[in-house]
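I set out to record how selected helices pack and what lies between them. My entries follow the display.

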Amino acid sequence: MSNKLITYLVQGNLFRHGFDFFDRRLKVDSAIGWLTRKLYYGKPKKIVKNRIFFMSYDKDFSCNPRYIAEEFIRQGKDVELISVYDNEYTFAETRRHYPPEVKLVEFRTKEMYDAMATSKIWIDNALNMVWYGMPKQKEQYYLNTWHGSLGIKRLGGNRKWMNRAAKANNVTDYCITNSTFEEGVFRETFWKDVPFLKFGHARNDIFFDEERMKEKRREVERYFRIEEDSKLICLYAPTFRENSSKFVPLDFEKLKASLEKKFGKECIIIVRAHNKDRAAWGFKENEWLKDGSFFGDMQELLPGIDVGISDYSSWVYDFMLTYRPTFLYVPDLELYDQERGFYFPVEDTPFGLAKSVDHLDEVIKNFDEASYRKGVKKFLDSKGCYEEGNACKQIVAEIEKLMEA
C-alpha cells in the first residue's frame, strides 16, 4: 500500500466512517483494532504525562468529566485538557460551552486519535474510549465515572454495545463510584474486577455548595427570562424510550394548576427532552412553558429548579441530594419494566408516584415535605450513598498521582 493511500485513509473518511463499516460488514471486532494499528498505530506514541483526554457521551461539556476538568482549571494545575466536538456544524455551539483552557478536537478524526494516543489520562462517562477499538498503552490510565448513580434502570444494550462493555472491563483502571449500590451494579455488569475510587460523583458536588446553588439558580432564571426568585420552577424531563414504550405527554396546564395550588406560587414549567429525542420532540412554548432541551449540561439546570418530575431517568437520583420535591409520572410502568427492567421496585423510592394525569394531581396535593425528607434519607442510607460534596478535589488529587506514575 502506497504512503499516499495510507495518508488518505488515515486523514480521510476511514477515521470518521470506516470503523462503523468494518464493524457492520465483517462483524469482527478485532478487524477494527487490527486495521487501526496497521494504518496508524504501528508504533506506540510518546505519552505526555500532564495531558488529559476526556469525553462525555453527548460530546459536550457535561456530566462528571466536565466538573473534573473545571476543578483542574480552578486549582490552576499544570495540565493539558483535551475534549471533542461532534463535527464542523456543531463546533461553534460546542465551543461556547467549554472554557478556553480546554482544547477541542473533532470526533473520530486523526487529531482526536492523536490526542487519545498521547494522553496519560482518559476520563469517560460512558463507553467512549473502547467504542472504536482504540489501543491503550500500559502507561495510560482510564477512569470511568459513568453518567448515572443510584438510577433504577438496568444497564444494558444490543450485542455490539455489550461487546464494547466487556472490553471496558479489560482496559479500565478505575471506576469512580458514589454508593455501595453502584458498586454492585458495576460488578454485575461491565466492570467485574476493576478497582473503585469511592469518592462520590464530581457532578454532584454542586448540591453541597449553597453559594454555587444560588449562582446557578440566577443563571437559570436569566436564561429563561424569569424574574428572580418570583416563581416556582418545575422541570419535566423524562427518559429515552428505545422500544415500544413511548412517552405520553403531560397535561401541562393541569400540572401548572396543581403545583400552584400546592406550593402557593406562580409556576414556570421547563420541559427537557432526552438528548436522543430533541430533534423529534416538539411543543409550543409560552410565557410559562419553556423548552430546556438545549440549555446545556443537565447538572447546571438542576440547581435552578424547585420541583422535579420525571419517570425512570437517573437525574432524579442526583437531584434527590437537594431534598427538593420530586414526582414520577409513569403511565407505562409495567411495559417499561418488562422491556428495560429495574434494579429495585419504583415504589421503594421516596418519590410521589403517578400513573395518570389525574393521579399526579392527587399525588402533588398530598405531598408532605417532612415525610418526603425522611424518605430521601432512608433511601440514600439503604443504597450506601457516600456523597459528601468533595469528589472533585479527591479525583484531581488521585489523577495527579497517576500522572506521576
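At what angle do helix 10 and helix 14 pack, and how far apart are their axes? I worked on a predicted model. I found that helix 10 (residues 252–263) packs against helix 14 (residues 357–365) at an angle of about 10 degrees, the axes lying 9 Å apart. Angles under 35 degrees count as roughly parallel, so I entered helix 10 as roughly parallel to helix 14.

I then listed the residues in contact. Helix 10 contributes Lys254, Leu255, Ser258, Leu259 and Lys262, and helix 14 contributes Val357, Asp358, Leu360, Asp361, Ile364 and Lys365. Sorted by class, this contact has five nonpolar, one polar and five charged residues.

Next I looked up cavities. I noted two of 30 Å³ or more in the structure. The second largest has a volume of about 30 Å³. Its lining consists of Leu250, Asp251, Lys254, Leu255, Ser258, Val357, Leu360 and Asp361. Helix 10 and helix 14 are the elements that give two or more residues to this lining. By class, I recorded four nonpolar, one polar and three charged lining residues.

My last entry concerns another helix pair. Helix 4 (residues 63–74) and helix 16 (residues 391–404) pack at about 75 degrees, with axes 9 Å apart; they are therefore roughly perpendicular to each other. On helix 4 the contact involves Tyr67, Ile68, Glu71, Phe72 and Arg74, and on helix 16 Cys392, Lys393, Ile395, Val396, Ile399, Glu400 and Met403. I classed the residues of this contact as eight nonpolar, no polar and four charged.

Definitions and conventions: Residues are numbered from 1 along each chain as its sequence is written. This is a predicted model: local features need pLDDT of at least 70, side-chain atom pairs count only at pLDDT 80 or more; totals for chains, interfaces and linings use all residues. Side-chain values use heavy atoms; hydrogens and water are left out. Axes are lines fitted to C-alpha atoms, for helices over the stretch in contact, and angles run from 0 to 180 degrees between N-to-C directions. Helices (H or I, at least four residues) and strands (E, at least two) are DSSP runs, numbered from the N terminus. Angles under 35 degrees count as roughly parallel, over 145 as roughly antiparallel, 65 to 115 as roughly perpendicular and the rest as oblique. Contact means heavy atoms within 4.5 Å. Ala, Val, Leu, Ile, Met, Phe, Trp, Tyr, Cys and Pro count as nonpolar, Asp, Glu, Lys and Arg as charged, and the others, Gly among them, as polar. On a 1 Å grid over the protein atoms alone, a cavity is a set of points where a 1.4 Å probe fits but cannot get out, and a pocket is an open set with protein on both sides within 12 Å along at least five of seven lines; lining residues have an atom within 4 Å of a point. Grid points are joined across faces, edges and corners, and a volume is the space filled by probe spheres set on the points.
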